[in-house]
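Biologist: Could you walk me through this one slowly, since I am still new to reading structures?
Modeller: Of course, let us open it and take the parts in turn.

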Amino acid sequence: MDAFKTLQDEVSKALVSTTRSASRVGSADIPFQRSLNPQAGAQLDAQNARLLHLAQRLLENAAASSDAVGPKLPDIEAVDGNWRGVVDVIDSLLEKADISLDEYTGVVKRLSPAGETAAATPRPNIADRKIIPKPQLQFEYVPTNDESGGFRPLVTAKPHAKIPLEKCLQTFKDKHGREQYPHPYQTEIETYEYPPSLYKHAEPQRYEPFESTTAIFVDTPEALASMLAELKTAKEIAVDLEHHDNRSYIGIVSLMQISTRNQDWIVDTLKPWRRKLECLNEVFANPDIIKVLHGAYMDIMWLQRDLGLYVVGLFDTYHAARSLGYPGASLAYLLDRFIGFKAQKQYQIADWRIRPLGKELFEYARADTHFLLYIFDNMRNELVEKSDLSNVEKNKVRDVLEKSKETALQRYEHPVYDEKFGLGTGGWYKLISRTPVQFTPQQFAVFRAVHQWRDELSRQEDESPLFIMPNHAVFSVARAMPSDKSALYNAVQHVSHIIRARADDLVRVITKAKQEGVNGPELSAVLQAITDMKEAEWAAKSETIEAPAQPITADPAAQAVLLQSTVAVPASRAAASNFWGKLWSDSEPQNTPIVNVDLALPLPPLTAEVFADTNGLSNTTQTEKAQHTFVPKEDRPAEDQRTDLFVVKQLGGRKRKRGDAAEESTSTPTLDPMVNDEIMLDQPDEDSEEATRAREKAARKAAKKAKKKELAAAAALDYDKPAFDYTTAPSVLHAEDNDGKDKKKDKKKKKKGFNAFSGMTDAPKGLPRAQKEIAGRSKTFTK
């Protein structure tokens, strides 16, 4: 402890001395001293270089024990440019020191060595891009990237074939008129019948322990032959690929993982003899072996493009996850759901061209297929449980297998650049349609020219277009339209060595496109033309409904009468609806349940006359009009004087006294509804409670009226009361003013108490504080 205290004091004194010296040097006029004494300037430069070298060594040593990346400090300007990296290293050191102090004081319990090893999971340094020689230059067939025709399959033999290979290599024309080769295993995949075991529930077969097993690395033809012999004996295999596309135009398959129930292999696909892996078609095309892959859409095309491999009997666990409605469909999610294995997916973007493979990359690659067959067993059982095998629409197993077939039928094609419309995988249309930009005709012309120049250069150098120039840099160049190299470097910012070497060519391309864009097309016009073209292609595909055939009449005379008739002819009724086309033609007819409806009112008898077709043509060509004969009034039969209206006769239209009602009851005859269509309303019962209340209410009203009459009569006879004097009456108009004056008088009468602070507000006031400007609309427009 004493030695540490001594070391701490010495380091503190050295730091204080260094800080003071640096402060004195910083306060001096260094540029003046340099101009006055060149020798002092040389000594300062030497000390600067020495200090930068020491700082860089310290940062590298500090970064080695942390997750940060040590910045490079070649000169003084690099300190400002890489200051963020310096701060990251210092922060990581401070955090580590804080953790160490907590462990020393006992605030945090230190992990055991085994636990610490398990907790500290190494991860690849993605920022460290090592320069690796391109392995594709050592291939037996070096990629040229200049193919414009169809992709010819790489297979030289076709094991497990139903159709010979020679017949499968007959070309055809696609919709663009280009010559293409068909899928060599198309017939085998379309007619393939999956084994009955996929439709049955079976106990999942447990995988081998991951920690106590390892994979065999296949990097020689002898190891390939040994692996192939063992794969032929399997019933199911799991396959996965690792792909690299950062330093290659079309990309390269860097690794292939294959697993059976009890063994894992990792195949090096970067060997010059990689085309010999075509022998794996004896397993991949074998219909008796199920091939389990996850998200195999791109894997299928990569296997065709690089290795000449085709898959028959594919089961894609991605489609199974979607069919089962899982919240996630990635391989990492399935590993966590069924195995509890946390996949380190940061290795997915690692550079898989590195040889030899590190332990972390090796174990990550092996884990992708080691557990996949066990996952396949569980998902198959779940699909069987949730499927109705007797109903095609509810058969989830069949849906997953059909989608897997569609994935296996994908066919690789060479990427052809479309200069006019920018369509295709590497075209500019997909890029510009996903970015909200507004280009002038000149900027649009520059954008297309730079995009095409980047694609051509990528093919020549066998580099990824994004490695040569990122997409955002293409947009920046199109907006700025630089006319020289300095303006180009300012627009691109991060200039690759390839662009720096071809900068003059790019400036010439930009200048030429800028001149041609003066009379060039508008961006919106080109995008609208592409949309119209796609809609026309879609309409041509969906135009499958045929026109209904016209009925043919055998009798020419009847046909002539039908043509000459002007009466509206009803449309012929088809036996079934064609509104949805052939959508429901292949589905099973569904029996509509009969609903028993009980009506509250009886319906009339449903005779044939109710459903008679009134629009139909009669046998006669002209319908005769009904004749009405005039009959004199004297000869007509007597009319019924009664009308269809009836009167609800009230017991009078006015308020009547009880006596009046009694008198009227004696004089009013009894109503006869059969004679005058009159209806008598029921009278209330005199002994009822309502009648009693009504009588009491009428009596109270009568008494009130009588009292009012008596008071009015008494007032009329009172002659001794003096007349009203209008002159002395209070004002009605100014009544409130008078009240206000009275209130003020009352206030004056009240005496206020002594207030010691009453004069403090008489001092002069200063200027108010200026209001700060607030971003946004002014107060005038706040509402």
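**Rings, charges and a sheet**

Modeller: Keep in mind that this is a predicted model. A good place to begin is a cluster in which ring pairs link Y207, F210, F341, F371 and Y374.

Biologist: How are the rings of Y207 and Y374 set against each other?
Modeller: Their centres are 5.3 Å apart and their planes stand at 80°, and because planes over 60 degrees apart count as edge-to-face, that is what this pair is called.

Biologist: And where in the chain do those two sit?
Modeller: Y207 is in the loop between α8 (186-190) and β3, while Y374 belongs to helix α15, so to speak of them together is to speak of a pair that links distant parts of the chain, 167 residues apart.

Biologist: Is Y207 buried or exposed, and what about Y374?
Modeller: Y207 has a relative accessibility of 18%, and because buried means under 20%, Y207 counts as buried. Y374 is buried too, with a relative accessible area of 13%.

Biologist: Does anything charged sit over a ring, and if so, which residues are involved?
Modeller: R366 has its charged end over the ring of F210, 4.0 Å from the ring centre. In another case, the charged end of R337 is placed over the ring of F338, at 5.8 Å from its centre.

Biologist: How many aromatic pairs are there?
Modeller: The count comes to 17 aromatic pairs. One of them joins Y192 and Y194, which meet edge-to-face with 4.8 Å from centre to centre and 75° between the planes, and both of these residues are buried.

Biologist: Switching topic, what is the order of the strands in the sheet?
Modeller: Six strands make up an open sheet with mixed pairing, and they follow the order β3-β6-β5-β4-β7-β8. At the edges are β3 (215-218) and β8 (314-316), each of which pairs on one side only, and from one strand to the next the twist averages 25°.

Biologist: In which sense do β5 and β6 pair?
Modeller: Strand β5 (residues 252-259) pairs with strand β6 (residues 264-268) in the antiparallel sense, over five bridges. If you look for M256, you will find that its bridge partner in β6 is V267.

Biologist: Which helices lie across these strands?
Modeller: Helix α14 (residues 359-370) lies across β3, β4 (236-244), β5 and β6, and runs at about 55° to β5. Helix α15 (residues 372-385) lies across β4, β5, β7 (290-293) and β8, running at about 120° to β4.

Methods: Residues numbered from 1 in each chain as written. Predicted model: local features only at pLDDT ≥ 70, side-chain atom pairs only at ≥ 80, totals over all residues. Heavy atoms only, no water. Pairing = 2+ DSSP bridges. Helix = DSSP H or I, 4+ residues; strand = E, 2+ residues; numbered from the N terminus. Axes fitted to C-alpha atoms, helices over the stretch in contact; angles between N-to-C directions. Contact = heavy atoms within 4.5 Å. Phe/Tyr/Trp six-rings, centres within 6.5 Å; stacked < 30°, edge-to-face > 60°. Buried < 20%, exposed > 50% of the residue type's maximum accessible area, 1.4 Å probe, protein only. Lys NZ or Arg CZ within 6 Å of the ring centre and 35° of its normal.
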